[in-house]
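User: Please take me through the fold of this chain by question and answer, with the reasoning behind each reply.

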Amino acid sequence: MHPMLNVAVKAARRAGSVIQRASLNLDAVRVERKKHNDFVTEVDRAAEESIIASILEAYPKHAILAEESGAKGIGSSEYEWIIDPIDGTTNFLHGHPQYAISIALAHKGQVQQAVVFDPNRNDLFTASRGVGAFLNDRRIRVSKRFMMNECVIATGFPVSDQSYIDQYLGMLKDVLAKTAGVRREGAASLDLCNVACGRVEGFWELNLKPWDIAAGSLIVQEAGGIVTDLSGEQGWLESGDIVAANPKVLAQLLYTLAPHIGK
C-alpha cells in the first residue's frame, strides 16, 4: 500500500471509531442545521478533526479541503486532502446504516489516492491511481452488464437545493423507464463504490461537493469504470454534476439524461 494511502486508511478507521461510539447514543448527539435539509453534528466535527490530525501528523505541509472546517493551506502545497468525515449525516442521525468516511488525496489537482470506509459493514474501499481498486484487499471491477433493462442505477435526490427538482424528476422518470430499477441510499461516496464493485451498473447525481465524490470517483476509475459530467466531459469535480458507470452503460445513461440538461 502506498504510504499516503496507508495514512488515509488509518485516519478513516480512527474516525470510524469516533462515529460508531456516538451511534450507540444518537439522542445525545448535538445537531445544527447549516441550511434546509443540511445538517452537521458534533460527531462530524470530531471525526473531521481526528482525520486532519492524523494526516497533518504525517504530512504537516499538505493542504486540506474538508466539509466542515473548509480549506487550509490551499495554494501552499501541491498536495491537497479532500475530506468528508460523514458522507450521509442524515442517515447517521436516523440510525440508518448507510454512511461513510471519504478521504482523497489530490496532487496538482488530480486525485491520486482514495479511501471510502463504511464503518457499519467494516468495508474499506481503496484505490491508488494506476494500481487498481480494492474492497478489503480484494481487487474489484465494475459490472459487465450492458443491457439497460437489466441494470440497476444509483442516484441522489436534490435535498438541500431543490431549485432543479423538476429537471431531476424528468431524469429519474426516464431512467426508471429504461432500467431494472433505481436506488437512492443517501451517500454518494458509497454509491460510487457500489458502481466500482458491480453492485449497481451506474450512478448519477447533481450539485455535489468535491468531498462527496473525489475519493469514490477514483475508486470507480481504477475498477474499470468511467466518470464524467452530464455532458460526457471531465468537469464533474468542479460542477458537482456526475455520471459514473461501467464503459458499456455510460453512453446509454448519458443519452437518457441528455434531454434534461439545462432545463
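The exchange below concerns a predicted model and goes through its sheet, its helix packing and two loop residues.

User: In what order do the 8 strands of the open sheet follow one another?
Analyst: The pairing within this sheet is mixed. β4 (70–72) and β10 (138–139) stand at the edges, each with a single partner strand, so one side of each has no neighbour in the sheet. Read from one edge to the other, the order is β4-β3-β5-β6-β7-β8-β9-β10.

User: Which residue of β6 is the bridge partner of D84?
Analyst: Strand β5, residues 79–87, runs antiparallel to strand β6, residues 100–107, and 7 bridges join the two. Within this pairing W81 stands opposite L105 of β6. For D84, the bridge partner in β6 is S102.

User: Which residue of β5 is the bridge partner of L65?
Analyst: β3 and β5 pair over 4 bridges, and the sense of that pairing is parallel. β5 is mostly covered, with 7 of its 9 residues buried, where buried stands for a relative accessible area under 20%. The bridge partner of L65 in β5 is I82.

User: Which strands does helix α2 touch where it packs on the sheet?
Analyst: Two helices can be considered here, beginning with α1 (residues 3–23), which packs on the sheet against β5, β6, β7 (110–118) and β8 (123–128), its direction making about 30° with that of β7. Helix α2 (residues 42–58) also packs on the sheet, and its direction makes about 150° with that of β5. The strands that α2 touches are β3 (63–66), β4, β5 and β6.

User: Are α1 and α2 roughly parallel or roughly antiparallel to each other?
Analyst: The axes of α1 and α2 come within 9 Å and cross at roughly 155°. Angles over 145 degrees count as roughly antiparallel, and α1 passes α2 in a right-handed crossing. The two helices, α1 and α2, are therefore roughly antiparallel.

User: How do the residues of the contact of α1 with α2 divide into nonpolar, polar and charged?
Analyst: On the α1 side the contact is made by V7, A11, R14, A15, V18, I19 and A22, and on the α2 side by V43, A46, A47, S50, I51, S54, I55 and A58. Divided by class, the residues of this contact are 12 nonpolar, 2 polar and 1 charged.

User: Are α5 and α6 roughly parallel or roughly antiparallel to each other?
Analyst: Helix α5 (residues 188–196) and helix α6 (residues 210–222) pack with their axes 8 Å apart, at an angle of about 5°. Angles under 35 degrees count as roughly parallel. It follows that α5 and α6 are roughly parallel.

User: How many nonpolar, polar and charged residues does the contact of α5 with α6 have?
Analyst: In this contact A188, S189, L192, C193, V195 and A196 of α5 meet D212, I213, G216, S217, I219 and V220 of α6. By class, the contact of α5 with α6 has 8 nonpolar, 3 polar and 1 charged residues.

User: What is the relative accessible area of N122?
Analyst: N122 lies in the loop between β7 and β8, and although N122 is not a glycine, its phi is positive, at about 55°. Most residues other than glycine have a negative phi. N122 is partly exposed, and its relative accessible area is 42%.

User: Where is the place of N207?
Analyst: N207 is a residue other than glycine with a positive phi, near 65°. At 35% relative accessibility, N207 counts as partly exposed. The place of N207 is in the loop between β13 (202–205) and α6.

Terms used. Residues are numbered from 1 along each chain as its sequence is written. This is a predicted model: local features need pLDDT of at least 70, side-chain atom pairs count only at pLDDT 80 or more; totals for chains, interfaces and linings use all residues. Side-chain values use heavy atoms; hydrogens and water are left out. Two strands pair if DSSP finds at least two bridges between them. Contact means heavy atoms within 4.5 Å. Axes are lines fitted to C-alpha atoms, for helices over the stretch in contact, and angles run from 0 to 180 degrees between N-to-C directions. Buried means under 20% relative accessible area, exposed over 50%, partly exposed in between (1.4 Å probe, protein chains only). Angles under 35 degrees count as roughly parallel, over 145 as roughly antiparallel, 65 to 115 as roughly perpendicular and the rest as oblique. A crossing is left-handed if the near helix is turned anticlockwise from the far one by less than a right angle, and right-handed if clockwise. Ala, Val, Leu, Ile, Met, Phe, Trp, Tyr, Cys and Pro count as nonpolar, Asp, Glu, Lys and Arg as charged, and the others, Gly among them, as polar.
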